[in-house]
Amino acid sequence: MTHTARRMFELLEPICLVTFFADECDEELAALGHRTYWDGYFASRAAPLGRVPAEVVHAAFYSFADGEAARHIPSAWETIPPEASVAARERGSAASVRRILGDELANSPGLLRAADLTTKAATSAPTEGRVMYAGMRTLAVPSDPVARLWHSATMLREHRGDGHVAALVGARIGGTEAHVLSALDMGIHPPQSFGRIHHLPKERLAAVMDGLRERGLIDSDDRFTDAGRETKQRIEALTDELAAAPYDALTPAELDELVAELEPITATLVAAGSR
């Protein structure tokens, strides 16, 4: 099932990425009154958790630097209810998927079947220890097949993300450190130039890099050591293992069917860059 979890991640991630890459979600959130992309991001993604303080959002999201959540939460909810933000995210994301796929694929029996099977998996896993996933599980599953496919793919993304956080915590890798390791894994050098962290104060980044060197995970040229690469691989393997539970709900035949139905959908989204 670890192999299945990795394959499903590859197939479902391009569906989820429209939320961050395509225009429709931003437009829906801006129309509500969110002033910036990040106001809309924090407000809509954290909304299923309820009106929790910034400290809880920071803990659940894990990968953001200290103080970043507090710049948007709770202020992003003061005039825009969380429920409105999460609904706008769903509307915009589904509209993006529908536009990219085109009418024939978006209205196909294959997409409907993919939505049904993805939802079966996404609504079957235990929620214990899965804060973001549990929040998503409280939301109504959309009736529209395209929206349902996006919604269920996003549930599975949050389920996987919760497991990834657990793997990072177990390896004593903080959020910023995780971005450094991911940048190196993607071949980005220097890793401090990675878009998720390049804006952080230089002193903060220097301290992170020093800490990784002291642990023997990167060398003096800010590249992976053998220990660093092994640590990254171990985290990813555990993430896959922890992401497997939802797919236990599907029979082997259903898993094969889901992969077959998702492949043309994913290929179309990948070709468009999920934009």
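This report walks through the cores, rings, charges and cysteines of one structure. The model is a predicted one.

## The nonpolar cores

The largest nonpolar core holds 37 residues. Those with the most contacts inside it are M8, L12, I15, L101, L149, L262 and I265. Several helices build this core. At least two residues come from each of α1, α6 (82–106), α7 (109–122), α8 (131–137), α9 (145–170) and α13 (252–271). Helix α9 gives the most, with 7 residues.

L262 shows how such a core is knitted together. Leaving out residues up to four places away in sequence, L262 touches M8, L11, L12, I15, A114 and L149.

Apart from the 37-residue core lies another core, of 21 residues. L181, L205, L212 and F224 are among its members.

## V18 and a long jump in sequence

V18 belongs to helix α2, which covers residues 18–21. Its relative accessibility is 0%, so V18 counts as buried. Which residues does V18 touch, not counting those up to four places away in sequence? They are S93, S96, V97, I100, W150, L269 and S274. Take S274 from that list. V18 and S274 are 256 residues apart in sequence, yet their C-alpha atoms are 4.9 Å apart in space.

## Aromatic rings

The whole structure contains 12 aromatic pairs. Y37 and W38 form one of these, with an edge-to-face arrangement. Their ring centres are 5.0 Å apart, and the planes meet at 90°. Y37 has 30% relative accessibility, so it counts as partly exposed. W38 is partly exposed too, with a relative accessible area of 35%.

Y41 and F42 also form an edge-to-face pair. Here the centres are 5.4 Å apart and the angle between the planes is 80°. Are Y41 and F42 buried or exposed? Both are buried.

These four rings belong to one aromatic cluster, made up of F20, Y37, W38, Y41, F42, F61 and F64.

Arginines meet rings as well. R196 lies over the face of F64, 4.8 Å from the ring centre. F64 is also a member of the aromatic cluster. The charged end of R160 sits over the ring of F9, at 4.3 Å from its centre.

## Buried charged side chains

Three residues, E13, D39 and K232, are set out below.

| Residue | Helix | Relative accessibility |
|---|---|---|
| E13 | α1 (residues 2–16) | 15%, buried |
| D39 | α4 (residues 37–46) | 4%, buried |
| K232 | α12 (residues 226–242) | 7%, buried |

What does the side chain of E13 make a polar contact with? The partner is the side chain of R157, at 2.9 Å. The helix of E13, α1, is also one of the helices that supply the largest core.

D39 has neighbours from elsewhere in the chain. Setting aside residues up to four places away in sequence, D39 touches H34, R71, H72 and A76.

K232 makes a polar contact with E236, side chain to side chain, at 2.9 Å. Beyond four places in sequence, K232 touches L181, S182, D185 and F224. Two of these, L181 and F224, are members of the 21-residue core. D185 sits 47 residues from K232 along the chain, and their C-alpha atoms are separated by 8.0 Å.

## Two cysteines without a bond

How many disulfides are there? The count is 0. A disulfide is a covalent bond between the sulfur atoms of two cysteines. To count as one here, the two sulfur atoms must lie within 2.5 Å. The closest cysteine sulfur to that of C16 is in C25, and it is 12 Å away, so the gap is too far for a bond. Seen from the other side, C25 is in no disulfide either, and its nearest cysteine sulfur is that of C16.

Are C16 and C25 buried or exposed? C16 counts as buried because its relative accessibility is 2%. C25 is buried too, with a relative accessible area of 1%.

Notes: Residues are numbered from 1 along each chain as its sequence is written. This is a predicted model: local features need pLDDT of at least 70, side-chain atom pairs count only at pLDDT 80 or more; totals for chains, interfaces and linings use all residues. Side-chain values use heavy atoms; hydrogens and water are left out. Buried means under 20% relative accessible area, exposed over 50%, partly exposed in between (1.4 Å probe, protein chains only). Rings of Phe, Tyr and Trp (its six-membered ring) pair if their centres lie within 6.5 Å; planes under 30 degrees apart count as stacked, over 60 as edge-to-face and the rest as tilted. A charge sits over a ring if NZ of Lys or CZ of Arg is within 6 Å of the ring centre and within 35 degrees of the ring normal. A polar contact is a pair of N or O atoms within 3.5 Å; within protein, one must be able to donate a hydrogen and the other to accept it, and residues adjacent in sequence count only if both atoms are side-chain atoms. A nonpolar core is a set of buried Ala, Val, Leu, Ile, Met, Phe, Trp, Tyr and Cys residues joined through side-chain atoms within 4.5 Å. Contact means heavy atoms within 4.5 Å.
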